[in-house]
Amino acid sequence: MATTQLTASSISAKGFASFEGLRSTSNLKVSSFAPLKQNSRLFHGLVVKASTVVSPKYTSLKPLGDRVLVKIKTAEEKSVGGILLPMSAQSKPQGGEVVAVGEGHSIGKTTVEISIKNGTQVLYSKYAGTELEFDGSKHLILKEDDIVGILETDDIKDLQPLNDRVLIKVAEVEEKTTGGLFLSQAAKEKPSFGTVIAVGPGPLDEEGKRKALSVSPGNTVLYSKYAGNDFKGADGSEYITLRASDVIAVLQ
């Protein structure tokens, strides 16, 4: 799908009830633009994605503090069977390669360096960071705490969670009711419990030391229903990554 570069000066205000926040200095990428009704207050036809474009005259970018620069992994353009996917069906990547890191941050009198090194393949939270176009590629600059874990393979089950993150294999959805009736796809409720596969080293305390998490691999746990980030494993199994604070009980 073609992408159009627009600025505020190239968009007529006629027919827009309100369009606040758009400045002539903003670079916007519009992935679709459909005709709008006169005086309409709902802009269903306009999908705007803000992106900061770094001028080619800048050849390096150094994150500050506890921030990390990640080169975003390219979205899959084909299905496993080799079928070309339309743009609407291509899932937004949540992973990439670390290409630069900040100097770290301070906890009290202790300076804590960023634990991730350049070249590491990582997964990050879905809505984290600021997207940049730098050196001809898409990048994301985000806080180290927004990085979920290290993933050196293509299978989410191999994720090494960071900090207070937990990787859970979601329990399979019940196919039948207790009376033996098959459930329709719409009636199947997504489980909010599963088995812990891996845990991070824990958050840092006030002295800069790691505090171990209260859950361990192999635990069956209950977690908050709308927490975390969902992933599908290579074998089709469902996984979720979330913070340990979103785990609300251990089932025994």
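**Exercise 1. Find what share of the protein's contacts with a separation of 6 or more joins residues 24 or more positions apart, then describe the overall make-up.**

Solution.
Step 1. Take the contacts with a separation of 6 or more. Residues 24 or more positions apart account for 59% of them.
Step 2. Note the source: this is a predicted model.
Step 3. List the secondary structure. The protein has 19 strands and 0 helices.
Step 4. Check burial. The protein has 252 residues, and 34% of them count as buried.
Step 5. Turn to the surface. The accessible area is about 16,200 Å². Carbon and sulfur atoms hold 52% of it.

**Exercise 2. Decide where the pLDDT falls below 50.**

Solution.
Step 1. Begin with the whole protein. Its mean pLDDT is 76. A value of 70 or more is reached by 65% of the residues.
Step 2. Look at residues 1-48. Their pLDDT is below 50. This stretch still has 59 contacts in the model beyond near neighbours in sequence.
Step 3. Look at residues 84-90. Here too the pLDDT is below 50. Beyond near neighbours in sequence, the stretch has 11 contacts.
Step 4. Apply the rule. Where pLDDT is low, predicted coordinates should not be read in detail.

**Exercise 3. Trace the sheet of 8 strands and name its edges.**

Solution.
Step 1. Write the order: β4-β10-β11-β5-β6-β9-β12-β13. The sheet is open, and its pairing is mixed.
Step 2. Find the strands that pair on one side only. They are β4 (52-53) and β13 (160-161).
Step 3. Zoom in on β4. It runs parallel to β10 (residues 130-134), and 2 bridges join them.
Step 4. Name a bridge pair. Val53 has Glu133 in β10 as its partner.

**Exercise 4. Describe the largest nonpolar core and the elements that build it.**

Solution.
Step 1. Count its residues. There are 15.
Step 2. Pick out residues with the most contacts inside the core. Among them are Val68, Val98, Ile116 and Leu142.
Step 3. Ask which elements give two or more residues. They are β5 (67-72), β6 (95-101), β9 (121-124), β11 (137-143) and β12 (147-150).
Step 4. Find the largest share. Strand β5 gives it, with 3 residues.
Step 5. Follow Ile116. Leave out residues up to four places away in sequence. Ile116 then touches Val98, Val101, Val122, Glu144, Ile147 and Leu162.
Step 6. Look for another core. A second, separate one has 13 residues, including Val166, Leu213, Leu242 and Ala244.

**Exercise 5. Work out how β18 sits in the sheet of 6 strands.**

Solution.
Step 1. Write the order: β17-β18-β14-β15-β16-β19. This open sheet has antiparallel pairing.
Step 2. Mark the edges. They are β17 and β19 (247-251).
Step 3. Check the turn between neighbouring strands. On average it is 40 degrees, direction ignored.
Step 4. Take one neighbour of β18 (residues 238-243). Strand β14 (residues 165-170) pairs with β18 over 5 bridges, in the antiparallel sense. Lys169 stands opposite Tyr239. Val166 has Leu242 as its bridge partner. Both Val166 and Leu242 also belong to the second core.
Step 5. Take β17 (residues 229-232). It runs antiparallel to β18, with 4 bridges between them. Phe231 stands opposite Tyr239.
Step 6. Inspect the hairpin of β17 and β18. It has 5 residues between the strands. Gly236 takes a positive phi near 90 degrees.

Note on methods. Residues numbered from 1 in each chain as written. Predicted model: local features only at pLDDT ≥ 70, side-chain atom pairs only at ≥ 80, totals over all residues. Heavy atoms only, no water. Pairing = 2+ DSSP bridges. pLDDT = per-residue confidence, 0-100. Contact = heavy atoms within 4.5 Å. Buried < 20%, exposed > 50% of the residue type's maximum accessible area, 1.4 Å probe, protein only. Areas by Shrake-Rupley, 256 points an atom, 1.4 Å probe, with all protein chains shown as cover. Core = buried A, V, L, I, M, F, W, Y, C linked by side-chain atoms within 4.5 Å. Axes fitted to C-alpha atoms, helices over the stretch in contact; angles between N-to-C directions.
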